[in-house]
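Work through the following exercises with the sequence and the model side by side. Each task is followed by a solution that goes step by step.

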Amino acid sequence: MSDQNDGPLPGQLARVHRDYLTAVVLHGQAAAETLGQNPTDVYALNALELAGPLTTGGLAARIGLSQSATTRLVDRLEQAGWIHRRTDPADRRRVVVEAVPLTREQDEAAFGAGRRRMAEVFDGFSADELRVLVRYFEQAGPALREATAETRSGARAARKGKATGAP
């Protein structure tokens, strides 16, 4: 991996951002371990909590898994008691899944330390700086989702090219 370096600040920004993203992934893994899950399970539950009930296809789109992999994930989460399936009130032919809320103890064990540490960080920022952070997160999430789609598209094209013998 290389950081684009058009000067000291952009290079530093790229490095600290990569370090931050690594810390987010590692914290997600630790939270999942605490809950006896794998990270994909936790990301799926987070997607359901943020979006509300979703069809399996809607969940697949949000977490970047295939429909069949998401169906297996939903089966696993339902069997473990982490989600419920129910008929979609808007279309009784469809089924939606919704997360079962964590207990206070589960939430604290998995996410309490992260919440407290981030609150300490945010306490050191002014209201104007916090507004910049909100703006960053509002723009960074969609940008990373678009980058993820582009990366996956490129990977599929590369695999297809290898399968057909293209250079």
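**Exercise 1.** Which residues does Thr56 touch, not counting residues up to four places away in sequence? Decide also whether Thr56 is buried or exposed.

*Solution.* Keep in mind that this is a predicted model. Begin by locating Thr56, which is found in helix H3, spanning residues 56-63. Next, look for contacts beyond the sequence neighbours up to four places away: Thr56 touches Gln67, Thr70, Thr71, Val74 and Val95. Finally, consider the relative accessibility of Thr56, which is 15%. Because buried means under 20% relative accessible area, Thr56 counts as buried.

**Exercise 2.** Compare the end-to-end distance of helix H5 with that of a straight helix, and find where H5 bends.

*Solution.* Helix H5 covers residues 104-123, which gives it 20 residues. A straight helix would reach 28 Å at 1.5 Å a residue, whereas the end C-alpha atoms of H5 are only 24 Å apart. The next step is to search along the helix for a bend, and one of about 60° is found at Phe111. Now turn to burial in this helix: Ala110, Gly112 and Gly114 in H5 are buried, and what covers the buried residues of H5 includes H1.

**Exercise 3.** Describe the salt bridge between Glu98 and Arg86, and state which strands it links.

*Solution.* First take the distance: the closest N and O atoms of Glu98 and Arg86 are 2.8 Å apart. This lies within the 4 Å that a salt bridge requires, so the pair forms a salt bridge. The pair links distant parts of the chain, since Glu98 is in strand E3 (residues 91-99) and Arg86 is in strand E2 (residues 83-88), 12 residues apart. As for accessibility, Glu98 is partly exposed with a relative accessible area of 25%, and Arg86 is likewise partly exposed, at 30%. Between these strands, the loop from E2 to E3 holds Pro89, which is exposed with a relative accessible area of 65%.

**Exercise 4.** Which residues are linked in a network of salt bridges with Asp107, and how is the pair Arg117 and Glu120 placed in helix H5?

*Solution.* The network of salt bridges links Asp107, Glu108, Arg115 and Arg116. Consider one pair within the helix, Asp107 and Arg115, whose closest N and O atoms are 2.7 Å apart in a salt bridge. Asp107 counts as partly exposed at 25% relative accessibility, and Arg115 counts as partly exposed at 43%. Then move to Arg117 and Glu120, whose side chains meet in a salt bridge at 3.8 Å, N to O. Both residues lie in helix H5, 3 residues apart, about one turn of the helix, and both are exposed.

**Exercise 5.** Find the residues that form a nonpolar patch on the surface, and say which helices each supply at least two of them.

*Solution.* The patch is formed by Tyr20, Leu21, Val24, Tyr136, Phe137 and Leu144, which together have about 490 Å² of accessible area. Assigning these residues to helices, one finds that helix H1 (8-34) and helix H6 (127-163) each supply at least two. Take Leu21 as an example, a residue that lies in helix H1. Its relative accessible area is 32%, so Leu21 is partly exposed, and this value is over the 30% that patch residues must exceed.

Terms used: Residues numbered from 1 in each chain as written. Predicted model: local features only at pLDDT ≥ 70, side-chain atom pairs only at ≥ 80, totals over all residues. Heavy atoms only, no water. Patch = residues over 30% accessible without salt bridge, like charges linked within 9 Å, V, L, I, M, F, W, Y side chains within 5 Å. Areas by Shrake-Rupley, 256 points an atom, 1.4 Å probe, with all protein chains shown as cover. Helix = DSSP H or I, 4+ residues; strand = E, 2+ residues; numbered from the N terminus. Buried < 20%, exposed > 50% of the residue type's maximum accessible area, 1.4 Å probe, protein only. Expected span 1.5 Å × (residues − 1). Bend = angle between axes of the 7 residues up to and from the residue. Contact = heavy atoms within 4.5 Å.
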